[in-house]
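Here's a quick write-up to go with the model you have open. Have a look at the fold first, then we'll go through the side chains.

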Amino acid sequence: MIRMSTIMASSVLMIRNVSAHDHLILNGPYIQCVRWKRKPMWLPTAKSKLFRIPVKPVIPTEEAEELKYINYHYKTYMRSLRHYFITRERDNKVEFDPVSVKKMADEDFLKCSKINEEWNAQISVEREQRLAQSREARVKEIIEKLAAKKERDLITQATVDAEIKKAKEEVKTFITLDNIDEAIENALKTVIDHNAAINLDGSFYTGDHEKTRKNDDSTM
């Protein structure tokens, strides 16, 4: 520990800042002393300079006029800047006033509502047009399907009518309880020869095939 009275090269400000502490816990190699470039403004005038009269600097006329011109512009700029800040502050007070904010919010809501209603009306018109086109296309599709179904039904009905007509014609040849005896007699009387043949001219051999074959052998 190093006592305050042993700190070397310390300014008055540093001593005042650390005067509330009885001792400092410092690491010697890391001590860094900060010195003021000039005397702080809160310190009193030194006794050696208490009654000293500073010499007023002599400024050339051209330089004085230039400094006056620069000072005039500086004050003008600062006055404009203050006026700008005052205006901005007044505008901000008006802009962020609760009544003004609520009024702006209501106006914005009304504006947004109007835009939303216009958009809804436009979308409604487009939707109605789209639905009308969809209904028209659907009706057209249904009509086409009905026509195709009607055509298919006509074709099916014609096929069915043809089958029914054919079946009605074949009904006459059906064997029933009434004509079964007659059908049996016809079957017994009708001899079917499965040895039918044709000659070189394409004519059918009918009758007694054995006799026809013998005749053919004799002619050879």
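## Salt bridges along a helix

Let's start with Asp106 and Lys102: both sit in helix α3 (residues 98–171), 4 residues apart, or about one turn of the helix. Helices here are DSSP runs of H or I with at least four residues, strands are runs of E with at least two, and both are numbered from the N terminus. Before going further, note that this is a predicted model, so local features need pLDDT of at least 70 and side-chain atom pairs count only at pLDDT 80 or more, while totals for chains, interfaces and linings use all residues. Residues are numbered from 1 along each chain as its sequence is written, and side-chain values use heavy atoms, with hydrogens and water left out.

Side chains of opposite charge can pair when their charged atoms come close. Asp106 and Lys102 do form a salt bridge, meaning a side-chain nitrogen of Lys or Arg within 4 Å of a carboxyl oxygen of Asp or Glu. The structure holds 4 of these salt bridges, and here are three of the pairs:

| Pair | Closest N and O atoms |
|---|---|
| Asp106 and Lys102 | 3.4 Å |
| Glu141 and Arg138 | 3.7 Å |
| Lys149 and Asp153 | 3.1 Å |

How far apart in helix α3 are Glu141 and Arg138? They are 3 residues apart, which is about one helical turn. Lys149 and Asp153 are also in helix α3, 4 residues apart, again about one turn of the helix. There's a network too: salt bridges link Arg138, Glu141 and Lys145.

How open are these side chains? Lys102 counts as exposed at 54% relative accessibility, whereas its partner Asp106 is partly exposed at 38%. (Buried means under 20% relative accessible area, exposed over 50%, and partly exposed in between, with a 1.4 Å probe and protein chains only.) Glu141 is partly exposed at 33%, and so is Arg138 at 45%. Lys149 comes in as partly exposed at 43%, and Asp153 gets the partly exposed label at 40%.

## Rings and a nonpolar patch

Rings of Phe, Tyr and Trp (its six-membered ring) pair if their centres lie within 6.5 Å; planes under 30 degrees apart count as stacked, over 60 as edge-to-face and the rest as tilted. By that rule there is 1 aromatic pair. Tyr84 and Phe85 have ring centres 5.9 Å apart and planes at 50°, so the pair is tilted. Tyr84 is partly exposed, at 46% relative accessible area.

On the surface, Ile59, Leu67, Tyr69 and Ile70 make up a nonpolar patch with about 390 Å² of accessible area together. Patches take residues with over 30% relative accessible area and no salt bridge, joining like charges within 9 Å and nonpolar side chains (Val, Leu, Ile, Met, Phe, Trp, Tyr) within 5 Å. Tyr69 belongs to helix α2 (residues 61–95) and is partly exposed at 48% relative accessible area.

## The whole chain

Zooming out, the protein has 5 helices and 0 strands. What share of its 220 residues counts as buried? Just the 2%. The accessible surface comes to about 21,500 Å², with 60% belonging to carbon and sulfur atoms; areas come from the Shrake-Rupley method with a 1.4 Å probe, and for residues only the protein chains shown count as cover. Among contacts (heavy atoms within 4.5 Å) with a separation of 6 or more, residues 24 or more positions apart account for 13%.
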